[in-house]
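Reader: I have a chain to go through. Please take my questions one at a time and show the reasoning behind each answer.

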Amino acid sequence: MASIDLDKVLDKAWADKALPEIMDAPVSALKGVSNRDGELLDQAFGVKTVADLAKLKYVRWAQALAALDNAAK
């Protein structure tokens, strides 16, 4: 089972929330993503929530390319 330290990836206000609530949170709930970044993601790609960002095909493509690159090393 995979795990992640939520304190390292989420703003403090979100670190103690349940996963479904986090997935519905605005992308600014992610540590280092500002409200303005969230607005720009929405304008560019229609991304409003953490779940939207995770489903974004460009993110998935980049992750797949990175996995291929790591496997090749």
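Reader: In which helix is the place of Asp-7?
Author: The model is a predicted one. Helix 1 covers residues 6-9. Asp-7 has its place in helix 1.

Reader: Does Asp-7 count as buried or exposed?
Author: The cut-off for exposed is over 50% relative accessible area. Asp-7 has 52% relative accessibility, so Asp-7 counts as exposed.

Reader: Which residues form the negative surface patch?
Author: A residue needs over 30% relative accessible area to enter a patch, and Asp-7 has 52%. Asp-7 is one of the residues that form the negative patch. The patch consists of Asp-5, Asp-7, Asp-16, Glu-21 and Asp-24.

Reader: How far apart do the centres of the positive and negative sets lie?
Author: The protein chain carries 10 positive side chains and 11 negative ones. The centres of these two sets are separated by 4 Å.

Reader: How many helices and how many strands does the protein chain have?
Author: From the N terminus on, the elements read α-α-α-α-α. The secondary structure thus comes to five helices and zero strands.

Reader: What percentage of the residues in the protein chain is buried?
Author: Buried means under 20% relative accessible area. The protein chain has 73 residues, and its C-alpha trace spans about 40 × 30 × 20 Å along the principal axes. The buried share of the residues is 21%.

Reader: What percentage of the exposed area do carbon and sulfur atoms supply?
Author: The protein chain exposes about 5500 Å². Of that area, carbon and sulfur atoms supply 59%.

Conventions: Residues are numbered from 1 along each chain as its sequence is written. This is a predicted model: local features need pLDDT of at least 70, side-chain atom pairs count only at pLDDT 80 or more; totals for chains, interfaces and linings use all residues. Side-chain values use heavy atoms; hydrogens and water are left out. Helices (H or I, at least four residues) and strands (E, at least two) are DSSP runs, numbered from the N terminus. Buried means under 20% relative accessible area, exposed over 50%, partly exposed in between (1.4 Å probe, protein chains only). Accessible areas come from the Shrake-Rupley method with a 1.4 Å probe; for residues, only the protein chains shown count as cover. Lys and Arg count as positive and Asp and Glu as negative; His and the chain ends are not counted. The place of a charge is taken as NZ of Lys, CZ of Arg, CG of Asp or CD of Glu. Patches are made of residues with over 30% relative accessible area and no salt bridge: like charges are joined within 9 Å, nonpolar side chains (Val, Leu, Ile, Met, Phe, Trp, Tyr) within 5 Å. A salt bridge is a side-chain nitrogen of Lys or Arg within 4 Å of a carboxyl oxygen of Asp or Glu.
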